[in-house]
Each structure stands twice: as structure tokens, then as C-alpha cells.
Amino acid sequence: MHVTDPAVQLLGMSPVMAAGAGYSVRRGIAGVWRRWPYAPLLGRLAAAFIWGCGGVTGLTVLGIPAAITVPIALTVLTVVVVMLALAFASGLIRPAPLPVRGVPVG
């Protein structure tokens, strides 16, 4: 393992740091944009991306080369993004309703 691997440098060689960073990002995005209906979804997606980077980092630390793990991770990310885009574009996922003051959404 070379210290110059980008996956190892990304989160400092610690999947535990990725887990904590992902949780913090999820809570931060949901807290800052709490009035936006898609804030929890965006927070979860950002956290999942960071957790995926931590998984690649952990596999790199175990000796699996980044040349194997990074293309697989990018393929999974691409499939998820394309499926979400198609679901929004085709109307399978409709826009979240804006909350009205005093009336719970649901």
C-alpha cells in the first residue's frame, strides 16, 4: 500500500472517521436546510457518499488496490444517481409538499 493512494488520503486512513463525518454531514445538512422538504434526503445521500469513501478507504488499508474498489464504487454511485434522476423525471417520485405553518405534513 502506498500512502499516495487517493482513497487513503481522502479520509486519513480511518473508516471510523468516515462514519463520524457522514453522521455529522447528515445532521448538519438536515439542520441547516430544515425548512426545505428534501433536506433529509440530501443529508442521507451526502452521508452515504462519505460512508462509501470510507469503505473504499478501509478496503485500501486492508490491501485491496484502489484500482479495483474505486471503479466499483463509481459504478454504484452512477447507477443510484441515474435511477433517482429517472424516477424524478418520469414522475415516480413527486415533489415533496411544502409544509404549511401549523399543519403537519403527512
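Student: Let's start with Trp 36: is it buried, partly exposed or exposed?
Tutor: This is a predicted model, so take what follows as a reading of that prediction. The relative accessible area of Trp 36 is 43%. Buried would need under 20% and exposed would need over 50%, so Trp 36 counts as partly exposed.

Student: Does that tryptophan have a ring partner, or not? Put another way, what kind of pair do the rings of Trp 33 and Trp 36 make?
Tutor: The structure holds 1 aromatic pair. The ring centres of Trp 33 and Trp 36 are 6.0 Å apart, and the planes meet at 85 degrees. Planes over 60 degrees apart count as edge-to-face, so that's the label here: edge-to-face.

Student: And what about the other ring, how does Trp 33 count for exposure?
Tutor: Trp 33 has a relative accessibility of 43%. That lies between the 20% and 50% cut-offs, so Trp 33 counts as partly exposed.

Student: Zooming out, which pattern does the chain follow along the sequence?
Tutor: The secondary structure comes to 4 helices and 0 strands. Read from start to end, the pattern is α-α-α-α.

Student: How much should I trust it, and where is confidence highest?
Tutor: The chain averages a pLDDT of 78, with 75% of the residues scoring at least 70. Confidence is lowest in helix 1 (residues 6–10), at a mean of 55. At the other end of the scale, with a mean of 87, sits helix 4.

Student: On to helix 2, then. What distance separates its end C-alpha atoms, and what span should we expect?
Tutor: Helix 2 covers residues 15–32, which is 18 residues. At 1.5 Å a residue, the expected span is 26 Å, and this agrees with the end C-alpha distance in the model, 25 Å.

Student: Where do the buried residues of helix 2 sit around its axis?
Tutor: The residues in question are Ala 18, Gly 22 and Ile 29. Looking down the axis, they fall within an arc of 45 degrees, so they line one face of the helix.

Student: Which residues are exposed on the other side of helix 2, and what do the buried ones pack against?
Tutor: Val 16 and Arg 27 are the exposed residues on that other side. The buried residues pack against helix 3 (39–61).

Student: Tyr 23 is in helix 2 too. How far apart are the C-alpha atoms of Tyr 23 and Gly 43?
Tutor: Tyr 23 is partly exposed, at 42% relative accessibility. Gly 43 is among the buried residues of helix 3. The two residues are 20 apart along the chain, and their C-alpha atoms are separated by 8.9 Å.

Student: Which residues are buried in helix 3?
Tutor: Helix 3 has 23 residues, and its expected span of 33 Å agrees with the 33 Å between its end C-alpha atoms. Phe 49 lies in this helix, but at 47% relative accessibility Phe 49 counts as partly exposed. The buried ones are Ala 39, Gly 43, Ala 47, Ile 50, Cys 53, Gly 54, Val 56, Thr 57, Gly 58 and Thr 60.

Student: How far are the C-alpha atoms of Phe 49 from those of Leu 77?
Tutor: Along the chain, Phe 49 and Leu 77 are 28 residues apart. In the model, the separation of their C-alpha atoms is 8.1 Å.

Student: Which residue takes a positive phi just after helix 3, and which one does so just after helix 4?
Tutor: After helix 3, Gly 63 has a positive phi of about 110 degrees. After helix 4, where phi is about 90 degrees, the residue is Gly 91.

Student: Now helix 4: which of its residues are buried?
Tutor: With 25 residues, helix 4 should span 36 Å, and its end C-alpha atoms agree at 35 Å apart. What covers its buried residues includes helix 3. The residues themselves are Ala 66, Thr 69 and Ala 87.

Student: Take Thr 69. Which residues is it in contact with, leaving aside its neighbours within four places in sequence?
Tutor: Thr 69 is found in helix 4 (residues 66–90). Its relative accessible area is 7%, so Thr 69 is buried. Its contacts are Val 56, Leu 59, Thr 60 and Ile 64.

Student: Last one: what share of the chain's residues count as buried?
Tutor: The chain exposes about 7,600 Å², with carbon and sulfur atoms supplying 74% of it. Of its 106 residues, the share that count as buried is 21%.

Technical notes:
Residues are numbered from 1 along each chain as its sequence is written. This is a predicted model: local features need pLDDT of at least 70, side-chain atom pairs count only at pLDDT 80 or more; totals for chains, interfaces and linings use all residues. Side-chain values use heavy atoms; hydrogens and water are left out. Helices (H or I, at least four residues) and strands (E, at least two) are DSSP runs, numbered from the N terminus. Buried means under 20% relative accessible area, exposed over 50%, partly exposed in between (1.4 Å probe, protein chains only). Contact means heavy atoms within 4.5 Å. The expected span of a helix is 1.5 Å times one less than its number of residues. The arc is that of the directions from the helix axis to the C-beta atoms. Accessible areas come from the Shrake-Rupley method with a 1.4 Å probe; for residues, only the protein chains shown count as cover. Rings of Phe, Tyr and Trp (its six-membered ring) pair if their centres lie within 6.5 Å; planes under 30 degrees apart count as stacked, over 60 as edge-to-face and the rest as tilted. pLDDT is the predictor's confidence in each residue, from 0 to 100.
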